[in-house]
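Thanks, everyone, for making the time this morning. I would like to take you through one model, and I will try to keep the definitions next to the claims that depend on them.

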Amino acid sequence: MTNPTRPRILITNDDGIHAEGILAVKAALDAVGEVFVVAPERPRSACGHSITLHKPLRINRVRLADGTFAHAASGTPTDCVSLGVLAVMEERADLVVSGINHGPNLGWDLTYSGTVSAAMEGVVMGIPAIAVSVFSYTDEAVYDFAAKFTAHLARMVIEHGLPSDTLLNVNVPNLPGADIKGIEVTRQGRRRYAGKLEKRADPSGRAYYWLGGDEAIDDLEEGTDVKAVADGKVSVTPVHMDLTGYSSLDEIRAWGIE
Ligand code: MN
């Protein structure tokens, strides 16, 4: 029996169905509503907002490490939101939560992020959405505080709704709750990667290239997501689907293209 007063929450991610972050956020969101997990069957980090158009998609029922059942899909995180809402939840979803991602999604990461793109797909489908990430690049990621905070924020989003065409992008420092310095509502900052391309030789001497590069270079401007997390705070950024550079409209019009 479904309870009509309990919010229905779709959880997805881009780290794959068996990622630790899903278990943590699922345990916390169980107290907020009825939870459905539909996530990629394998890791799909940095796949952006890609969708699968030219081959069939499959959903398999799998058992998670906590003993509960979830849905593993053959597609991307964005596919998982479509499949989750339309096929698994029969078009009744009140909230999409993407994460908890292992690794930050800050500044320009957003344009590559499968985690944030899944939340964007929620917005496209008219469902409020939250993307959540923990700032860790090692196996020592702690999800407790991020999970608790996501449940808190989920309740607020369900209560207040979100402005149109807007999702919340949350980044949490990789710290125990007691060491977190606060919560800050931020704007998207800038972050880029130095030494992005590495050229190497394969055993036969032929060149190959490795993308990814060194650590990110963050512009630590006050008020940005990168700065808040660098200061040990949780960053909550409202992200709008409209990417128009409004401040540039007049300058581009002045070229006389029109
Ligand atoms: Mn990821």
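What follows is a walk through a strand, a helix, a few charged pairs, a surface patch and some backbone details.

Before that, please keep in mind that this is a predicted model, in which local features need pLDDT of at least 70 and side-chain atom pairs count only at pLDDT 80 or more, while totals for chains, interfaces and linings use all residues. Residues are numbered from 1 along each chain as its sequence is written, and side-chain values use heavy atoms, with hydrogens and water left out.

Let me begin with strand β5, where helices (H or I, at least four residues) and strands (E, at least two) are DSSP runs, numbered from the N terminus. Seven of the eight residues of β5 are buried, so this strand is largely enclosed by the rest of the structure; buried here means under 20% relative accessible area, exposed means over 50%, and partly exposed is what lies in between, with a 1.4 Å probe and protein chains only. Which strands does β5 pair with in the parallel sense? One is β1, residues 8-12, over four bridges, and another is β6, over five bridges, where two strands are said to pair if DSSP finds at least two bridges between them. Valine 96 in β5 takes part on both sides, being the bridge partner of leucine 10 and standing opposite alanine 129 in β6. Isoleucine 100 is also found in β5, and the peptide bond that leads to it from glycine 99 is cis, with omega near 5°.

The loop between α2 (77-88) and β5 holds glutamate 90 and also glutamate 91. Neither is a glycine, and phi is positive in both, near 50° for glutamate 90 and near 65° for glutamate 91. Glutamate 90 is exposed because its relative accessible area is 55%, and glutamate 91 counts as exposed at 60%.

Turning to helix α4, how does the distance between its ends agree with its number of residues? The helix has 17 residues, 144-160, and should therefore span 24 Å, given that the expected span is 1.5 Å times one less than the number of residues; its end C-alpha atoms are 25 Å apart, which agrees. The buried residues of α4 are Ala146, Ala147, Phe149, Thr150, Ala151, Leu153, Ala154 and Val157. As a reminder, an α-helix has 3.6 residues a turn, so residues three or four places apart point the same way. Among the elements that cover those buried residues are α1 (20-29), β5 (95-102), β6 (129-135) and β7 (166-173), contact being heavy atoms within 4.5 Å. Glycine 161 follows α4, and its phi is positive, near 70°.

Now to the charged pairs. The structure holds 14 salt bridges, each defined as a side-chain nitrogen of Lys or Arg within 4 Å of a carboxyl oxygen of Asp or Glu. In one of them, the side chains of arginine 192 and aspartate 219 meet at 3.6 Å, N to O. That pair links distant parts of the chain, 27 residues apart, with arginine 192 in strand β9 (residues 191-193) and aspartate 219 in the loop between β12 (216-218) and α5 (225-230). Arginine 192 is partly exposed at 38% relative accessible area, and aspartate 219 counts as partly exposed at 22%.

Lysine 227 deserves a mention of its own, since this residue is buried, with a relative accessible area of 15%. Which residues form salt bridges with lysine 227? Glutamate 222 does, with the closest N and O atoms 3.6 Å apart, and so does aspartate 231, at 2.8 Å, N to O. Of these partners, glutamate 222 is exposed at 57%, whereas aspartate 231 is partly exposed at 33%. Elsewhere, Lys26, Asp30 and Asp66 are linked in a network of salt bridges.

Finally, the surface. Leu197, Tyr209 and Leu211 form a nonpolar patch with about 350 Å² of accessible area together. Leucine 211 lies in strand β11, residues 207-211, and is exposed because its relative accessible area is 61%. For the record, patches are made of residues with over 30% relative accessible area and no salt bridge, joined within 9 Å for like charges and within 5 Å for nonpolar side chains (Val, Leu, Ile, Met, Phe, Trp, Tyr), and accessible areas come from the Shrake-Rupley method with a 1.4 Å probe, where for residues only the protein chains shown count as cover.
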